[in-house]
Amino acid sequence: MTASTGHNKELAERAYRIRRNAVLMGEVQGQGYIAQALDIADVLAVAYFHALRYRPEDPDWEGRDRFLLSNGHYAIALYAALMEAGIIPAEELETYGGDESRLPMSGMAAYTPGMEMSGGSLGLGLSIAVGMAMGLKRKGSDRRVYVLFSDGELDEGSVWEAIMAAAHHKLDNIIAIVDVNNQQADGPSTQVMGFEPLVDRLEAFGWYTQRVDGNDLDAVVKAFDAARDHGEAKPRMIVADTLMGKGVPFLEAREKNHFIRVEAHEWKLALDALDAGRLA
Amino acid sequence: MTKPVLTSSGKPRLTTSAMIASIAAEGQRTRPAPFGHALVAAAKERPEIVGLTADLGKYTDLHIFSQAFPDRFYQMGMAEQVMFGAASGLAAEGFTPFATTYAVFASRRAYDFIHQTIAEEDRNVKIVCALPGLTSGYGPSHQATEDLALMRAIPGMTVIDPCDAHEIEQAVPAIADHRGPVYMRLLRGQVPVVLDEYGYRFEIGKAKVIRDGTDVLVISSGLLTMRTLEAAAKLATDKVSVAVLHVPTIKPLDTATILTEAGKTGRLVVVAENHTVVGGLGEAVAALLMRNGLSPRFRQIGLPDEFLAAGALPTLHDRYGISTEAICNSLKAWLAG
């Protein structure tokens with residue numbers, strides 16, 4: 001179901017497994033930001049199985065690329081990817097959102113291996129990324145800071161503070177990905193607070209910016225590669241247009257909502273849908 | 001002080017109601033920019049120290065550091081949120097950021113960033129803020145009357161309210177050595193020197209008796225320790241004996257020393273602070289005493305729970321009861337009552 005032309009069969013399989021992990025976690029709690037997890041799974045597959053350098057057995061390895069989850073409610077998606085990457089044991093999936101679990105519903109740095117920041121309060125990640133990127137440059141490191149945030153976070157003034165600071169300090173070691181699924185708490189993001197034309201705005205703010213279909217693995221791979229290889233001393237932004245619920249047709253079609261309700265019997269149906277869409 | 005400058009109409013030009021009016025009294029010994037010079041000294045020992053400011057380097061004395069270590073200084077623009085978030089990121093990469101602005105902007109505008117990206121993530125960031133309490137005549141926008149209450153409410157935050165240049169010089173290397181987030185109030189510019197005469201040494205988490213006395217125990221921090229020492233000297237000529245317990249670390253509180261001193265019977269206990277009476281050292285001490293079954297006569301010297309006026313600092317300090325004269329009057333009245 002991941003819209004790959006077939007060149008990225010391995011990534012498509014990774015994305016399938018990330019989606020599957022996320023649905024299984026959603027079933028544990030009977031809820032969760034599952035529609036977001038499904039929309040961002042392709043980006044996470046490319047991040048963790050194409051772009052990022054890391055050691056699964058040593059999540060704090062100095063030589064890793066940093067990955068910041070600014071939209072902490074996407075934790076269910078990141079846990080799913082971290083499990084697929086071998087950073088979190090797959091058996092912890094059963095603990096998602098439970099007491100004493102390392103997998104709280106909102107991502108927090110102290111709880112989870114591979115979780116670089118505490119989210120929950122939106123709009124923090126880019127600012128932390130600015131400091132990490134400055135720190136890596138100070139250390140002479142060639143590692144990068146990847147930061148994922150959501151289109152709703154564009155409403156936060158602090159995000160634009162960080163966008164200005166990253167350009168001012170020429171932080172070409174930041175690759176930010178904004179998930180434009182056009183859905184936030186009170187409705188479609190573009191109606192809650194307009195942010196278009198987003199590419200023009202970001203370019204005007206001094207960022208090397210690409211806009212891609214965030215559910216097209218080939219396009220996402222190209223965008224990550226271009227962000228990495230770009231020559232100018234500018235921070236890099238990937239605007240990823242995604243589809244809420246991607247990969248589970250009945251969730252894709254469901255009336256759009258920030259927090260999609262999934263009935264108890266539907267988790268199994270969602271897994272079946274993912275299996276049906278899995279590339280042979 | 002030098003001869004007053006006259007305006008074109010022949011009146012003395014007011015110099016005390018500016019945004020960053022000096023708190024030094026006429027003739028008082030001062031040292032310039034103690035924070036900036038102490039940070040330069042600490043940074044020579046510790047290459048991991050970096051400095052950040054939100055367009056207030058000159059007004060937090062961080063310019064001394066930025067001149068000495070231009071490549072270790074980050075100008076973040078007039079944007080406190082990204083400054084504290086970036087400080088968190090630098091700390092995550094192993095650096096020890098000293099981030100400066102005015103106390104109002106750290107404690108009010110950027111509170112969530114300090115709470116979430118620094119304290120909750122336990123990042124080793126030093127937040128150093130000028131214009132604490134009522135040290136600006138500019139009005140409530142610049143009067144950080146509630147910063148200690150806000151900062152001490154954050155789990156894991158060490159909160160320091162130093163008295164003078166002597167203490168700031170010692171506190172800077174101490175907080176650089178300390179692992180964990182710190183909020184420190186900053187007196188900047190020409191900063192009075194007082195505590196060196198008492199052989200005082202700053203230690204994080206330690207309250208110290210600066211002066212002993214039998215009639216009243218004043219438990220104080222920051223600027224109000226300086227003022228209380230002046231008041232104590234004046235009252236001594238009236239045969240009023242004032243003890244001063246200086247508590248520069250608001251959190252964690254030196255509970256043992258406070259309980260020992262407040263537990264000595266027969267003394268009026270007064271907490272004096274350059275801060276609203278809501279949620280600062282006064283209420284922290286009151287709760288501590290109650291929890292431990294101590295009930296001495298207790299009074300607070302502090303700023304009222306209201307938005308303070310703009311004006312000349314000496315006038316405002318008199319009006320709100322934190323000038324030396326006002327402290328003398330309060331103590332005498334309470335002892336008489």
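Helices are DSSP runs of at least four residues in state H or I, numbered from the N terminus. With that convention, Pro197(A) can be placed in the loop between helix 6 (189–192) and helix 7 (198–204) of chain A. The structure described here is a predicted model, with an ipTM of 0.95 and a pTM of 0.95. For chain B, the mean pLDDT is 96, and 97% of the residues reach 70 or more.

**Chain A**

Chain A contains 10 helices and five strands. Along the principal axes, its C-alpha atoms fill a box of roughly 50 × 40 × 40 Å. A compact globule of 280 residues would have a radius of gyration near 19 Å, and the 17 Å of chain A agrees with this.

A backbone feature of chain A concerns Asn182(A), which has a positive phi of about 55° although it is not a glycine. Asn182(A) lies in the loop between strand 3 (174–180) and helix 6 of chain A.

**Cis peptide bonds**

The following table lists cis peptide bonds that precede a proline.

| Residues joined | Omega | Place of the proline |
|---|---|---|
| Glu196(A) and Pro197(A) | about 0° | loop between helix 6 and helix 7 of chain A |
| Lys251(B) and Pro252(B) | about -5° | loop between strand 12 and helix 9 of chain B |

**The sheet of chain B**

In chain B, seven strands form an open sheet with mixed pairing, in the order 3-2-4-5-7-6-12. Strand 3 (73–75) and strand 12 (249–251) stand at the edges; each has a single partner strand, so one side of each is left without a neighbour in the sheet. On average, neighbouring strands of this sheet are turned by 20° against each other, direction ignored.

Strands of a sheet pair through backbone hydrogen bonds, either parallel or antiparallel. Strand 4 (residues 96–102) and strand 5 (residues 126–130) of chain B pair in the parallel sense, over five bridges. The bridge partner of Thr101(B) in strand 5 of chain B is Cys129(B).

**A helix pair of chain B**

Two packed helices are described by the angle between their axes and the distance between the axes. The axes of helix 9 (residues 255–263) and helix 10 (residues 281–291) of chain B come within 11 Å and cross at roughly 70°. Angles of 65 to 115 degrees count as roughly perpendicular, and helix 9 and helix 10 of chain B are therefore roughly perpendicular to each other. Helix 9 of chain B contributes Thr255(B), Ile258(B), Leu259(B) and Ala262(B) to the contact, while helix 10 of chain B contributes Val285(B), Leu288(B) and Leu289(B). By class, this contact has six nonpolar residues, one polar residue and no charged residues.

How values were computed. Residues numbered from 1 in each chain as written. Chains lettered and ligands numbered in written order. Predicted model: local features only at pLDDT ≥ 70, side-chain atom pairs only at ≥ 80, totals over all residues. pLDDT = per-residue confidence, 0-100. Axes fitted to C-alpha atoms, helices over the stretch in contact; angles between N-to-C directions. Helix = DSSP H or I, 4+ residues; strand = E, 2+ residues; numbered from the N terminus. Parallel < 35°, antiparallel > 145°, perpendicular 65-115°, else oblique. Contact = placed C-beta atoms within 7 Å. Nonpolar A, V, L, I, M, F, W, Y, C, P; charged D, E, K, R; others polar. Pairing = 2+ DSSP bridges. Rg over C-alpha atoms; globule rule 2.2 N^0.38 Å.
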